Amino acid sequence: MSYLGAQQSSPLTLVLMVASAAIGGTLQYGYNLAIMNAPTTFIQTFINETFLERWDIQLENYQVTLVWTIIVSIFSLGGFAGALIAGPMTIRFGRKKCLLLNNIFLMTGALLALTSRAAKSFEMIIVSRVLVGINSGISMNVQPMYFGESAPKHLRGAISLSSAVFTAFGVVLGQVVGLREILGSEPCWQYLLASNAIPGLIQLLTLPWFPESPRYLLIDKGDKEACINALRQLRRCEVQNSELDEILQEQAETKGMRPSKPWELFTDRSVRWQLISVMIISSAMQLCGNDSIYFYASYVFKEAGITSDKIQYVTIGTGTCEFIACIMCNLLIELKGRRFMLMGGFIFMTIWAVVFTVAQLYEDYISWMSYLSMTCIFTYILSFGMGPAGVTGILPTEIFNQTARPAAYMIAGSMMWLNLFIIGMIFPFLVSGLSEYCFVPFGAVCMLSALYVGLFLPETKGKSLSVITSEFHKLNFRGQDKKCPLQTQALYQPGEVCLSTVF
């Protein structure tokens with residue numbers, strides 16, 4: 001076949017595609033989380049002034065805090081809605097076009113935030129946060145799917161993990177832009193909330209130049225020629241036998257199958273443990289409390305003796321920690337594997353949660369314990385970035401086939417956003433109710449998650465979908481003699497696929 005060759009591929013186009021998609025994708029999640037810290041007092045004042053001007057009502061502090069909590073938390077509910085519509089959008093429009101259309105929500109939200117001050121409407125900020133949340137919910141699901149389906153097998157983990165790297169970079173960028181010297185001052189808070197339009201604009205200008213997911217083109221659309229052209233463009237060389245064979249094999253395995261609905265996965269025994277794994281790990285990503293620790297950081301830094309005017313600069317270090325850890329995980333994931341990184345991250349987070357609790361208990365008796373608490377915050381975030389932050393987004397791509405993948409991402413995204421909303425609402429009560437023991441529940445979640453990964457999650461590094469499916473088959477049909485329908489294919493290595501054995 002004339003399109004097959006053995007040239008050395010170049011990752012340049014793939015890297016540029018990753019940057020283009022992620023700048024307007026998962027970067028937005030981290031950025032929109034971070035930019036809400038700086039303008040807290042300014043927006044609360046704006047809410048109070050709006051009520052006073054409209055209805056001549058002076059709000060109590062708890063009432064202002066309630067409205068502010070709604071503004072912050074509604075982002076999570078928007079993300080939940082985005083996760084639910086991401087699956088149908090990717091099936092109908094494709095991965096790349098879905099990311100481009102997603103900017104409609106972003107740009108509308110940015111416009112509402114920008115004009116809210118002039119319109120004297122805090123309700124516009126609430127609607128803006130819902131729309132930005134929908135944008136983040138869609139991108140958090142679609143982008144890892146797009147990357148996982150476009151990357152070669154030996155780079156699949158590292159490329160998919162770049163979603164987490166850009167999320168962490170978005171946090172750092174949001175913290176920097178939110179400094180008082182930039183857009184974090186009282187006259188500029190509306191521009192800060194609308195600044196998320198800039199990364200979206202960059203994506204709109206650059207992503208159309210890159211190809212659609214090769215797997216989507218062949219398996220979903222049945223366009224083999226378009227798939228080959230996409231692979232050529234992404235690899236910058238002729239298409240390899242082994243890579244095309246693997247996609248053709250998956251196409252044969254899913255031939256005649258329609259895309260799965262989320263509720264169908266719950267009744268399909270052949271994907272039971274894949275679904276359980278995705279739900280547990282996606283939930284643990286939020287229930288571990290990493291995002292909440294950013295809010296607790298300011299209190300701990302103040303207790304360590306850092307002055308209030310300097311805390312905003314030290315807080316940037318927390319985002320930088322996660323960013324560095326995600327880059328390290330990106331470099332190590334294809335060497336150590338997904339299971340090792342995920343389990344190791346949760347184990348270290350458990351350890352630091354225990355040390356943090358001990359430090360809080362003895363803070364009044366030993367002077368340097370406050371510095372140990374501060375160190376624990378950085379190491380906790382580092383451990384999160386080294387494992388759960390990146391690996392979680394890869395799993396649905398690697399353990400579900402093309403027909404089930406969008407539904408799996410919908411379920412995983414829904415679990416993540418719902419748990420983020422729950423943690424955001426109950427964290428202040430955990431701090432006030434449990435005091436020094438507030439991180440004990442988070443440590444327990446991390447410990448249980450590490451146990452689950454160690455006992456039930458198989459390694460997926462460098463394996464084809466058929467091989468991974470056959471490993472999960474042992475869990476899904478434990479104690480039964482039912483033959484795995486994919487066992488025959490699993491015996492073949494890429495490049496040696498015998499498609500006639502599928503039927």
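Reader: Which residues form a nonpolar patch on the surface?

Author: A patch of this kind is built from nonpolar side chains that lie within 5 Å of one another. In this predicted model, the patch consists of Val354, Val358, Leu361, Tyr362, Tyr365, Leu434, Tyr437 and Val440. Together they have about 760 Å² of accessible area.

Reader: Which helix gives the most to the nonpolar patch?

Author: That is helix H18, residues 338-361, with three residues.

Reader: How is Val440, in the patch, to be classed: buried or exposed, or partly exposed?

Author: A residue is partly exposed when its relative accessible area falls between 20% and 50%. Val440 has 43% relative accessibility and therefore counts as partly exposed. This residue belongs to helix H22, which covers residues 440-456.

Reader: Is Ser73 buried or exposed?

Author: Buried means under 20% relative accessible area. Ser73 is at 8%, so it counts as buried. Ser73 sits in helix H4, residues 61-93. Leaving aside residues up to four places away in sequence, Ser73 touches Phe421 and Met425.

Reader: How many cavities of 30 Å³ or more does a search of the whole structure find?

Author: A cavity is a space where a probe fits but cannot get out. The search finds four cavities of that size, and the largest holds about 340 Å³ of space. Lining this largest cavity are 27 residues, of which Met140, Met285, Ala389, Gly393 and Met416 are the closest to its centre.

Reader: Which elements give two or more residues to that lining?

Author: They are helices H2, H7, H8, H15, H20 and H21. Helix H8 gives the most, with six residues.

Terms used. Residues numbered from 1 in each chain as written. Predicted model: local features only at pLDDT ≥ 70, side-chain atom pairs only at ≥ 80, totals over all residues. Heavy atoms only, no water. Helix = DSSP H or I, 4+ residues; strand = E, 2+ residues; numbered from the N terminus. Buried < 20%, exposed > 50% of the residue type's maximum accessible area, 1.4 Å probe, protein only. Contact = heavy atoms within 4.5 Å. Patch = residues over 30% accessible without salt bridge, like charges linked within 9 Å, V, L, I, M, F, W, Y side chains within 5 Å. Areas by Shrake-Rupley, 256 points an atom, 1.4 Å probe, with all protein chains shown as cover. Salt bridge = Lys/Arg side-chain N within 4 Å of Asp/Glu carboxyl O. 1 Å grid on protein atoms, 1.4 Å probe; cavity = no way out; pocket = protein on both sides within 12 Å on 5 of 7 lines; lining within 4 Å. Points joined across faces, edges and corners; volume = space filled by probe spheres on them.
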